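Trainee: Could we take a close look at a single part of this model? I'd like to start with one strand and work outward from there.

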Amino acid sequence: MKKILFITDAVSFNGPSLEFACYLCNLTHSKLTGVFLENQVLELRSAEDIREIAIGKPVPGIALEDQKNLFRDKNIDRFKNICESNGVNCLVHLDAGMPVTEVVKESRYADLIVLDAATSFSWKPESIPTAFVKEILEKSECPVVIAPEDFDGVDEIIFTYNGSCSSVFAMKQFTNLFPQLGACKATVLSITETGKPIKGDEARLREWLDTHYNNAEIQAVEDESVSTRLLEFMFSKEKVFIVMGAYGRSVLSTAFVPNPATLVVKLVTQPVFITHY
């Protein structure tokens, strides 16, 4: 992996998410491209909204577009300073247009996206993950990592597995992008409804795991509530990297009701890797 994208609103970005992106760059010896989305085609947020989410102080009496440019320039400087302090080679892209469209175009020529689940361009309050983030997870043409608010390293990788091509593809994508994490414990977690055993070829799955990870196990659990048991398992863990398949092109659609990926991104404080098949 050589090219990681850090996606952010040009007027406001999350410092811990950037620190995590820098960690991934140092881990994989990659360059970090900061994609600053200017949202100039259709800005529904008011001047008050933008001033509220921006890091810097507004300048009294200045026009909204000029104020946005000042916030953007300060954030770009902050981005470069944080990258430099972490020893990360960086580049900046200024993308003016519809945010989702711009990110999808960028993703076609990138290896990975790092994104804060709270990133929003809406004029009204949103829950996490926001509508913007859901669209990126659905439409991105490269894997996406939802950055944690606090990060203290990785001791274990949790691969969520339901026997589908998508879940296996996510495992392979993650392993190919992060071979440096091969020394971590790898847990394949399969949670199925009671009376419905794990699908797929467990023997070949075990063989693949042992090829890539020195310390690997498969945990197969049956429970009436897959989502509840999944969250209970995740909440009991620290210093993990969670890997989830997209369950088809629509990551957060109606494949599961509610979709486990939605709940994990919303409630779990660990980094989450999601990719398409």
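How many of the 7 residues of β2 are buried, and what does that say about how the strand sits in the rest of the structure?

Mentor: Keep in mind that this is a predicted model. In it, 6 of the 7 residues of β2 are buried, so the strand is largely enclosed by the rest of the structure. For background, 51% of the 277 residues in the protein chain count as buried.

Let's go through the neighbours of β2. On one side there's β1, which pairs with β2 in the parallel sense over 7 bridges. If you want a spot to click on, K3 stands opposite K31 in β2. To get from β1 to β2, the chain passes through helix α1, residues 15-28, and this β-α-β crossover is right-handed. β2 also pairs with β3, residues 90-95: the two run parallel and are joined by 6 bridges. There, F36 has L94 of β3 as its bridge partner.

Now zoom out to the sheet. It is open and has 10 strands, in the order β3-β2-β1-β4-β5-β10-β9-β6-β7-β8, with mixed pairing. β3 and β8 (216-222) are the edge strands with a single partner each, so one side of each has no neighbour in the sheet. On average, neighbouring strands are turned by 25 degrees against each other, ignoring direction.

Moving along that order past β1, you reach β4, which pairs with β1 in the parallel sense over 3 bridges. The bridge partner of I4 in β4 is L112. Helix α4 packs on the sheet here, touching β1, β2, β3 and β4, and its direction makes about 160 degrees with that of β2.

Another helix to look at is α5, residues 131-139, whose buried residues are F132, V133, I136 and L137. Looking down the α5 axis, these buried residues fall within an arc of 135 degrees, so they line one face of the helix. They pack against β1 (3-9), β2 (31-37), α4 (99-107), β4 (112-115), β5 (144-146) and β10 (272-275). So β2 is touched by α4 and by the buried residues of α5.

It helps to set β2 beside another strand of the sheet, β6. Here 5 of the 5 residues are buried, so β6 is largely enclosed by the rest of the structure too. In a regular strand, side chains alternate between the two faces of the sheet. β6 is covered on both faces: E156, I158 and T160 are buried on one side, and I157 and F159 are buried on the other.

Take F159 as a landmark in β6. Its relative accessible area is 0%, and that makes it buried. F159 stands opposite V188 in β7, and the C-alpha atoms of these two residues are 4.7 Å apart, although 29 residues separate them along the chain. F159 also stands opposite V243 in β9. Setting aside neighbours within four places in sequence, the contacts of F159 include M171, F174, L209 and Y213.

The strands on either hand of β6 fit that picture. β6 and β7 run parallel and are joined by 5 bridges, while β6 and β9, also parallel, are joined by 4. Together, β6, α6 and β7 make a right-handed β-α-β unit. In α6, residues 165-177, you'll find S167. S167 is buried, with a relative accessible area of 2%. Leaving out residues up to four places away in sequence, S167 touches T160, Y161, N162 and G245.

Helix α8, residues 226-235, lies across this stretch of the sheet: over β6 (156-160), β7 (185-192), β8 and β9 (240-245), at about 160 degrees to β7. Its buried residues are S227, L230, L231, F233 and M234. Down the α8 axis they fall within an arc of 160 degrees, so they line one face of the helix.

One last number for the chain, which has 9 helices and 10 strands: among contacts with a separation of 6 or more, 78% are between residues 24 or more positions apart.

Note on methods:
Residues are numbered from 1 along each chain as its sequence is written. This is a predicted model: local features need pLDDT of at least 70, side-chain atom pairs count only at pLDDT 80 or more; totals for chains, interfaces and linings use all residues. Side-chain values use heavy atoms; hydrogens and water are left out. Buried means under 20% relative accessible area, exposed over 50%, partly exposed in between (1.4 Å probe, protein chains only). The arc is that of the directions from the helix axis to the C-beta atoms. Contact means heavy atoms within 4.5 Å. Two strands pair if DSSP finds at least two bridges between them. A crossover is right-handed if, with the strands pointing away from the viewer, the path from the first strand over the helix to the second runs clockwise. Axes are lines fitted to C-alpha atoms, for helices over the stretch in contact, and angles run from 0 to 180 degrees between N-to-C directions.
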